[in-house]
Amino acid sequence: MAPAIRQLKKAARIILIGAPGVGKGTQTERLLSRFPELASISSGDLLRENVRRKTSLGLKAEAAMQSGNLVPDSMILDLISSEFKSKGWLSPASTSSISSSASFILDGFPRTATQASSLDTIVPVNFVVHLVTPPSVILSRIASRWVHEPSGRVYNTDFHVPKVPGKDDITGEPLVQRDDDSIETWKQRLHKFEETSKALIEHYQRKGCLYRVEGDSSDEISPQLFAQIERQFC
Ligand code: AMP
């Protein structure tokens, strides 16, 4: 059966905020399929593209990215506004007028309250989603994750079980757990997210455009998210 498609009657400018492992990528993909007018812009992808092309911005950003730190705000803002311009959403001469029909999801940006304030001056974001899954649920999902390293195929011993325990379905080769999937590493990542997202969430709460959606899995979250967007924008 073809997936249901809905048309947006009003421009939706969406930001997803959520801890690592909460399924932001999954929700973004599902939103793009359901609402074809949406486009998605990922700051991480834009940065990686600049690093790959060895642009001057890419060369400056690379060290911060490799050490797991944030790239300076001014750099990320330049990157995002030039992406808006190249999509024709922002007139080249202006940094303050977004095309009224542009609908999009921003992924990975803004990451800080300072970035959010700067974004307010160029793009009137009108729907900010805070995706919430209890940390204990995220951690148990990570603990049951196994990968086939050569192909990147991912299994989960709770809900996407390999046909033969411990073996890749296609090649029969052994599955492993990634070092960076260790529970300690994930606890640190979740803690860091709690710390850095607080001011960002408060920023949008004050603006009255924050919508909180909670669920233990992406399948629990998607229908709530769809329903809210349809109420507001369709
Ligand atoms: P991501 O793919 O979103 O995890 O981003 C990969 C890396 O790019 C991050 O670890 C940061 O170094 C950098 N980055 C991405 N988005 C931002 C942002 N909004 N502000 C600062 N740095 C960012």
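Which residues do ring pairs link into a cluster? They are F84, W89 and F104. The legends below start there and then move around the rest of this predicted model.

**View 1. The ring cluster of F84, W89 and F104.**
A search of the whole structure turns up six aromatic pairs. One of them joins F84 and W89, with ring centres 5.8 Å apart and 40 degrees between the planes. That pair counts as tilted because its angle falls neither under 30 degrees nor over 60. F84 is buried, at a relative accessible area of 0%, and W89 is buried as well, at 12%. W89 also has a charged neighbour: K87 lies over the face of its ring, 5.8 Å from the ring centre.

**View 2. A stacked pair, F127 and Y211.**
Here the ring centres are 5.7 Å apart and the planes meet at 20 degrees, so the pair is stacked. The two partners come from distant parts of the chain, 84 residues apart: F127 belongs to strand 4 (residues 127–132) and Y211 to strand 7 (residues 210–214). Both F127 and Y211 are buried.

**View 3. Helix 8 and what covers it.**
With 16 residues, helix 8 reaches 22 Å from its first C-alpha to its last, close to the 22 Å expected at 1.5 Å a residue. Its buried residues are S218, I221, S222, L225, F226, Q228, I229 and F233. As you look along that list, keep the helical repeat in mind: an α-helix has 3.6 residues a turn, so residues three or four places apart point the same way. The cover over the buried residues of helix 8 includes strand 1, helix 1 (24–34), strand 4 and strand 7. F233 also takes part in a charge–ring arrangement, since K10 lies over the face of F233 at 5.9 Å from the ring centre.

**View 4. E220 in helix 8 (residues 218–233).**
Is E220 buried, partly exposed or exposed? E220 is partly exposed, because its relative accessible area of 42% lies between the 20% and 50% limits. The side chain of E220 reaches the backbone nitrogen of D216 at 3.1 Å. For a sense of scale, K163 is 57 residues from E220 in sequence, and their C-alpha atoms are 26 Å apart in space.

**View 5. Q7, ahead of strand 1.**
Q7 is found in the segment before strand 1 (13–18). It is exposed, with a relative accessible area of 61%. Leaving aside neighbours within four places in sequence, Q7 is in contact with E37 and C234. The C-alpha atoms of Q7 and F35 are separated by 6.1 Å, although these residues are 28 places apart along the chain.

**View 6. Strand 3 between its parallel partners, strand 1 and strand 2.**
Strand 3 (residues 104–107) pairs with strand 1 in the parallel sense, over three bridges. Strand 2 (residues 39–42) also pairs with strand 3 in the parallel sense, this time over four bridges. L106 is a handy landmark in this view: I15 stands opposite L106, and L106 is the bridge partner of I41 too. When following side chains here, it helps to recall that in a regular strand they alternate between the two faces of the sheet.

**View 7. The surroundings of H148 in strand 5 (residues 145–148).**
H148 is buried, with a relative accessible area of 2%. A polar contact of 2.7 Å joins the side chains of H148 and S151. Not counting residues up to four places away in sequence, H148 touches R153, D168, T171, E173, P174 and L175.

**View 8. Two backbone details, at P110 and K54.**
Most residues other than glycine have a negative phi, and most peptide bonds are trans. What is the peptide bond from F109 to P110? It is cis, with omega near -5 degrees. P110 lies in the loop between strand 3 and helix 5 (113–122). At K54, phi is near 55 degrees, a positive value in a residue other than glycine. K54 sits in the loop between helix 2 (43–52) and helix 3 (56–66), and K54 is exposed, with a relative accessible area of 62%.

Methods. Residues numbered from 1 in each chain as written. Predicted model: local features only at pLDDT ≥ 70, side-chain atom pairs only at ≥ 80, totals over all residues. Heavy atoms only, no water. Phe/Tyr/Trp six-rings, centres within 6.5 Å; stacked < 30°, edge-to-face > 60°. Buried < 20%, exposed > 50% of the residue type's maximum accessible area, 1.4 Å probe, protein only. Helix = DSSP H or I, 4+ residues; strand = E, 2+ residues; numbered from the N terminus. Lys NZ or Arg CZ within 6 Å of the ring centre and 35° of its normal. Polar contact = N/O pair within 3.5 Å; in protein donor to acceptor, adjacent residues only side chain to side chain. Contact = heavy atoms within 4.5 Å. Expected span 1.5 Å × (residues − 1). Pairing = 2+ DSSP bridges.
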